[in-house]
Amino acid sequence: MDYDGGFHEVETDGKLLLVYHHPKYRPIPQIKSTSSPDEAANQDHPPLLWLLTSPEYVISTTRAYHHVLPLFWCNNEKFGEHGGCGICFNSNFAHRDCMYSPHTIKISRHHHRISHVSSLRYEKYDPCGVCRQRIDGDYGAYMCNKCGDYAVHSRCALGKDVWDGEELEGIPEKDEDDITQDAPPFCKISKGVIHYFLHDHHLRLEEYILYDENKLCEACVMPVFEEKLYSCTECDFILHETCLKARRRIQHALHPHLLVLKAINNGYGDFRCNACWRSCGGFVYQCPKEECYFKLDVRCASISEPFDYQGHEHPLFLSINLEKDVFCEVCKYFDRCNQQLNCIKCDFIMCILCATLPYKARYKSDKHFLTLSWGEERCEKYWCEECEDRVETTEFYWCNDCCTTLHTACLFSKDPYMKPGQCFEIDGKEVKILAKSNTSRPICHYCDKPCQVKIFSRDNRTTCSTSCAFFTY
């Protein structure tokens, strides 16, 4: 008999039954079964069947009123209170979810389709492509037939925000689903001049520029520090070179559907990023499905696995267990945003809010770069250069040469991804964002603190952030 895992036809009492054999199944030489109701009544075990549940000896059997009871191990969860036969409800043969698992699916963490197999024991695979934990090759999992070394635990593959719930077995792949065939986001017009697909005018390359805190990238709404930029020959439109190269469509690990890059219409309106939960006024990666409202800002969309963060020695991966509270090592907050990244080699965890802040930045009054820091790395100077208040937050920017220290909010504002000149609505009232004044710092109408970096005007009242504007009536 073929002892590889899978379903096998077995004839019992003249009936042809379908029986599942685990990959480690080995036949037991002889199994004594009860021959009469009286004999069964004297047994210490239930009279319905004999079952050895260790992986080395697995026998599937049937009851009088149904014919399939497979022992189906899902690789990353033992039988528990929700396990058991989907028909009997009280026998530890299979998780009911596993019995009806789809065969071929598409998940957010991989570019190809993956298929379910009963075991991986003849192949060598990296850790699970979702949770990054070890996969036991003796049990069922999902694998990619194109890559040859990509596999995922069954439960991880079918998790929320990983699989879209569609069974793809027998459905041919569509050419339009292949993002590698998309047109590039720009075309070359001449040397140093290009046309970008989300702007009407031509853009020109600028390589040697002076730092200007008022020059903001239209896509990510962050200043240009040292990167190359492309500026419009007819208006104030500016893009980082890295933002210019952002693809028209992406497959992101945080969402099972493809996301499409779009621009905010004429600077009016904003959106809430589903990863960092910030209000954003730059470009958005949006799910095109009508029933889905998932959106990512450009900086969160740039997070891919493995994520190499300059402030940590090991690569980081997106967390999949968001049900429990996690503690960000940088900002020291619990559940500050919807998504975290963790290190599988140590206990380092950081929220995506901190991960998407520039690791190095510029400040108008310092000729050196400032580095995002946390903990006690503050020299002996604990005062913010901008607001002249004590730096008591755990994350801040500082210069190692000059000991210049700034609050993160004082360098980029509390709403770093909202740009001056933009308008949006709160409770039907228009809010306009103004650039900060170089001669004065107006006091926020709500929190009574000086407005740093950006000013939010609502009903002729000045506030320092979207949150203060929300509570101002």
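Val 221 is buried in this predicted model, its relative accessible area being 2%, which falls under the 20% limit for that class. The residue sits in the loop that runs between strand 9 and strand 10 (229-232). Its phi is near 60°, a positive value in a residue that is not glycine. A second residue with positive phi is Asp 427, where the angle is about 55° and the residue is likewise not a glycine. Asp 427 belongs to the loop between strand 25 (423-426) and strand 26 (429-435). In contrast to Val 221, which is buried, Asp 427 is exposed, because its relative accessible area of 55% is over the 50% limit.

The backbone also contains a cis peptide bond, between Glu 305 and Pro 306, with omega at about -10°. Pro 306 is placed in the loop between helix 5 (298-301) and strand 18 (316-318). Most peptide bonds are trans, and most residues other than glycine have a negative phi.

Over the whole structure, the search returns seven salt bridges. One of these joins the side chains of Arg 249 and Asp 182, with an N to O distance of 2.8 Å. This pair connects distant parts of the chain, the two residues being 67 residues apart: Arg 249 is in strand 12 (residues 249-251), while Asp 182 is in the loop between helix 3 and strand 7. Arg 249 is buried, because its relative accessible area of 18% is under 20%. Asp 182, at 22%, is partly exposed, because this value lies between the limits of 20% and 50%.

A further salt bridge is formed by the side chains of Lys 245 and Glu 241, at 3.9 Å from N to O. Glu 241 is partly exposed, with a relative accessible area of 21%. Lys 332 and Glu 329 form another salt bridge, in which the closest N and O atoms are 3.9 Å apart. Both of these partners are partly exposed, Lys 332 with a relative accessible area of 31% and Glu 329 with 27%. In addition, Arg 109, Arg 132 and Glu 305 are joined into one network by salt bridges that share partners. Glu 305 of this network is also the residue joined to Pro 306 by the cis peptide bond.

The loop between helix 3 and strand 7 (186-190) also holds Asp 178. This residue is partly exposed, with a relative accessibility of 31%. On the surface, Asp 178 gathers with Asp 175, Glu 176 and Asp 177 in a patch of negative charge. Asp 178 can count towards such a patch because its accessibility of 31% is over the required 30%. Helix 3 itself (residues 154-157) includes Ser 154. Ser 154 is buried, because its relative accessible area of 3% is under the limit of 20%. The side chain of Ser 154 makes a polar contact of 3.4 Å with that of His 116.

A nonpolar patch of about 300 Å² is also found on the surface, made by Tyr 446, Phe 470 and Phe 471. Of these residues, Phe 471 is located in the segment after helix 8 (466-470). The relative accessible area of Phe 471 is 43%, so the residue is classed as partly exposed.

Two loop residues were examined for C-alpha separations to residues elsewhere in the chain. Asp 401 is in the loop between strand 23 (395-398) and strand 24 (405-407). Asp 401 is exposed, because its relative accessibility of 60% is over 50%. The C-alpha atom of Asp 401 is separated by 7.7 Å from that of His 368, and the two residues are 33 residues apart along the chain. Leu 198 is found in the loop between strand 8 (193-196) and strand 9 (202-206). With a relative accessible area of 25%, Leu 198 is partly exposed. Its C-alpha atom and that of Phe 186, twelve residues apart along the chain, are separated by 8.9 Å.

Key: Residues are numbered from 1 along each chain as its sequence is written. This is a predicted model: local features need pLDDT of at least 70, side-chain atom pairs count only at pLDDT 80 or more; totals for chains, interfaces and linings use all residues. Side-chain values use heavy atoms; hydrogens and water are left out. Helices (H or I, at least four residues) and strands (E, at least two) are DSSP runs, numbered from the N terminus. Buried means under 20% relative accessible area, exposed over 50%, partly exposed in between (1.4 Å probe, protein chains only). A polar contact is a pair of N or O atoms within 3.5 Å; within protein, one must be able to donate a hydrogen and the other to accept it, and residues adjacent in sequence count only if both atoms are side-chain atoms. Patches are made of residues with over 30% relative accessible area and no salt bridge: like charges are joined within 9 Å, nonpolar side chains (Val, Leu, Ile, Met, Phe, Trp, Tyr) within 5 Å. Accessible areas come from the Shrake-Rupley method with a 1.4 Å probe; for residues, only the protein chains shown count as cover. A salt bridge is a side-chain nitrogen of Lys or Arg within 4 Å of a carboxyl oxygen of Asp or Glu. Lys and Arg count as positive and Asp and Glu as negative; His and the chain ends are not counted. The place of a charge is taken as NZ of Lys, CZ of Arg, CG of Asp or CD of Glu.
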